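User: Please take a close look at one exposed loop position in this model and then set it against the buried packing in the rest of the chain. I would like one connected account.

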Amino acid sequence: MGTEITEPLLLDSNDTIKTVDSTEIIPEWKDQITIRGLVVSAVLGVLFCIITHKLNLTVGIIPSLNVAAGLLGFFFVKSWTGFLSRLGFSVSPFTKQENTVIQTCVVACYGLAFSGGFGSYLIALDERTYKLIGTDYPGNRAEDVMNPGLGWMIGFLFVVSFLGLFSLAPLRKVMVMDYKLTYPSGTATAMLINSFHTNTGAELAGKQVSCLGKYLSISLVWSCFKWFFSGIGDSCGFDNFPSLGLTLFKNTNFERQPACTIFFFFFPGYKIGIQHCCINGLSVMFFFDFSPTYVGCGLICPHIVNCSVLLGAIISWGFLWPFISHHAGAWYPADLSSNDFKGLYGYKVFIAIALILGDGLYNLIKIVIITIKEMCKKSTMQSLPIVREVQDSETSKLLLEQRKRDEVFLKDRIPSWLVAAGYVGLAAISTAVIPVIFPPLKWYFVLCSYIIAPALAFCNSYGTGLTDWNLTSTYGKIGLFIIASLVGSDGGVVAGLAACGVMMSIVSTAADLMQDFKTGYLTLSSAKSMFVSQLVGTAMGCVIAPLTFWLFWSAFDIGDPNGPYKAPYAVIFREMAILGIEGFSELPKHCLALCCGFFVAAIVINLLRDVTPKKISQFIPIPMAMAVPFYIGAYFAVDMFVGTVILFVWERINRKDAEDYSGAVASGLICGDGIWTIPSAILAIFKINPPICMYFGPSSSG
């Protein structure tokens, strides 16, 4: 699974939502879902699925694209209606409710590219991952291999992806109106959409779209230009630009140097890869690939996330891996291949797992405690006598606005019997079908998952509403470990990974649904239109996400540790399943001790973030973000840091412009590079190679 990293975003008490116009006409729920809206949702769903796959298969960090979805949805429909109006056709007005439905549909669609396991549990079953771990590695069996196939992937998504929507739909009033959960991302999206549909907001949205289009074009043209010079193999093109001079470039493959020096060259758009440090046979690789994608990610992700990634890269590739490499021959055999789990590769994978699990466990316990405390608090408050206060005109106006939102939200009810029947029916179908796709995962394990899933989905949705932390991957890993250990060595890997997928799909879609209900509540959109658009978006995702992944799978070497699409989480998830069965017996020397140390460190760091004042805690790194480069490499950390430096300077020069346009710039950089993936994949499928190999070398001495 990729790691969708978001910083908790709690609205300040002084923040207010755009006021509701009492004369505003609210369309019927059927009118909020339009043909043009569904067409735009499908187009954007394809684009965002491709972007998500690309990020998932490279570094595993997925920034939130909700703002881009809302902005591009606004742009496409406005362009559509404007064009038809010029031709003399009569078109229905574009409302914020329709904009909300489009955004909901797109997010539901590309969300399956993330939670569908195309960079984690599904691809962890493939033959390349099996061979990468080692055919003779204990617990890694050839029988536990399932290569990706369009048929079974689409079928699996259809039987597991809808249950989360039905599990919590009856609780929408409790979560949104009674508990008044913040759902920060949903609230921020609602504020954005509300602002689009005002005179001044529409003007700003037009400027943002223009900005997005400009940087999208630059990114797309640059990616195309780079391709022409990339030749065949890995020694051509801008990936091998001698950024620090030819002397250092010539020494990128030297062996057994006594120390390692890391150079960082901070220029926008430049990538400096520090894939290997230079001790005991490891090579230093400094290169540009001029990729705008990770700079765009740096512009979107919070500063602390980007700095945490860079810190993790420095700790691992600057100090830890060189130190461990120095003990080759004592801690592990010195003659092992670079991908052997009994050597340095094992330290990289398992220490990254320890950090991820430590961070996930801490946040899970934290969210459960917060949830219980808040529920008890609200229960106590409801039992207290009500005191009516004299209200001024402003308070009265706010109450009228809230009543209107409540009225619209409750007007179009979703029948409880329909939701219950949908959940039971889908659970029955899924319980029968999943064991056919994954025979080791018996029907009774699936049934037990669906019995406890609504409770876990509620916890995740409630926690997301309070803190904006979506712990989908943590619940998935819990299911993975439990089922893998229960099934044992005979099929435990397949059963654990499949169970991980079942659990992730339910808790992820349930949290997304509640976020969208919050957005719909604040934009005066019908709850029924939100629910239907989620269903439609999920159905789109069940087809679009596998098809766009198949484009990558057919065109590129997915999972190659030396290629651009390493699929890093595939190895991590398969190793977790093996770990659940075999334990720690095969780890290299001192690896378990180091894992325990980093596991505890992740918990302590999170604890410090929570107990220290905000002026201090804002500088304490996030362990989950630090863990990403431990295994993947440091090559993307500088780019993301460049993005955060650009944003930091921009905020100091003109904070309003940075707030208004940074998301558009970042989305343009990411989308442009993502769009180029389609033609480059088609060229690769037809075996059309770049025509030029550009190589950098010293000039002749004459």
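Analyst: A suitable starting point is R413, which, leaving aside residues up to four places away in sequence, touches R172 and K528. The model is a predicted one, and R413 sits in its loop between helix 15 (393-411) and helix 16. With a relative accessible area of 54%, above the 50% cut-off, R413 counts as exposed. Although R413 and P170 are separated by 243 residues in sequence, their C-alpha atoms are 9.5 Å apart in space.

The far end of helix 16 leads to another loop, between helix 16 (416-437) and helix 17 (443-467), and this loop holds F438. In contrast to R413, F438 is buried, because its relative accessible area of 0% falls under the 20% limit. F438 also belongs to the residues with the most contacts inside the largest nonpolar core, a set of 190 residues in which F48, I434, L441, Y450 and F517 are named alongside it. The element that gives the most to this core is helix 19 (residues 492-522), with 18 residues. Another of the highly connected core residues, F48, touches L65, A68, A69, L72, V106, Y110 and C671, again without counting residues up to four places away in sequence.

The aromatic residues add a second view of the packing, as the structure holds 27 aromatic pairs. One of them joins F74 and F196, whose ring centres are 5.0 Å apart and whose planes meet at 40°, so the pair is tilted rather than stacked or edge-to-face. F74 belongs to helix 3 (residues 66-86) and F196 to helix 9 (residues 184-196), so this pair ties together parts of the chain that are 122 residues apart in sequence. Both partners lie under the 20% limit and are therefore buried: F74 has a relative accessible area of 5%, and F196 one of 2%.

F438 takes part in a ring pair as well, with F156: the two centres are 5.3 Å apart and the planes stand at 90°, so the arrangement is edge-to-face. F156 lies in helix 6 (residues 150-160), and the pair links distant parts of the chain, 282 residues apart. F156, like F438, has a relative accessible area of 0% and is buried. Elsewhere, ring pairs link F323, W331, Y332 and Y347 into a cluster.

Helix 17, on the other side of the F438 loop, contains T464. T464 is buried at a relative accessible area of 2%, and its side chain reaches the backbone oxygen of N460 at 2.7 Å.

The cysteines call for a separate remark, since a search of the whole structure finds zero disulfides. For C591, the nearest cysteine sulfur is that of C595, 4.0 Å away, and C591 is in no disulfide; that separation lies outside the 2.5 Å within which two sulfur atoms would count as a disulfide. C591 is buried nonetheless, at 0% relative accessibility, and C500 is likewise buried, with a relative accessible area of 0%.

Taken together, the exposed R413 lies in the loop before helix 16, whereas the buried F438 lies in the loop after helix 16 and is among the residues with the most contacts inside the largest nonpolar core.

Definitions and conventions: Residues are numbered from 1 along each chain as its sequence is written. This is a predicted model: local features need pLDDT of at least 70, side-chain atom pairs count only at pLDDT 80 or more; totals for chains, interfaces and linings use all residues. Side-chain values use heavy atoms; hydrogens and water are left out. Buried means under 20% relative accessible area, exposed over 50%, partly exposed in between (1.4 Å probe, protein chains only). Rings of Phe, Tyr and Trp (its six-membered ring) pair if their centres lie within 6.5 Å; planes under 30 degrees apart count as stacked, over 60 as edge-to-face and the rest as tilted. Helices (H or I, at least four residues) and strands (E, at least two) are DSSP runs, numbered from the N terminus. A polar contact is a pair of N or O atoms within 3.5 Å; within protein, one must be able to donate a hydrogen and the other to accept it, and residues adjacent in sequence count only if both atoms are side-chain atoms. A nonpolar core is a set of buried Ala, Val, Leu, Ile, Met, Phe, Trp, Tyr and Cys residues joined through side-chain atoms within 4.5 Å. Contact means heavy atoms within 4.5 Å.
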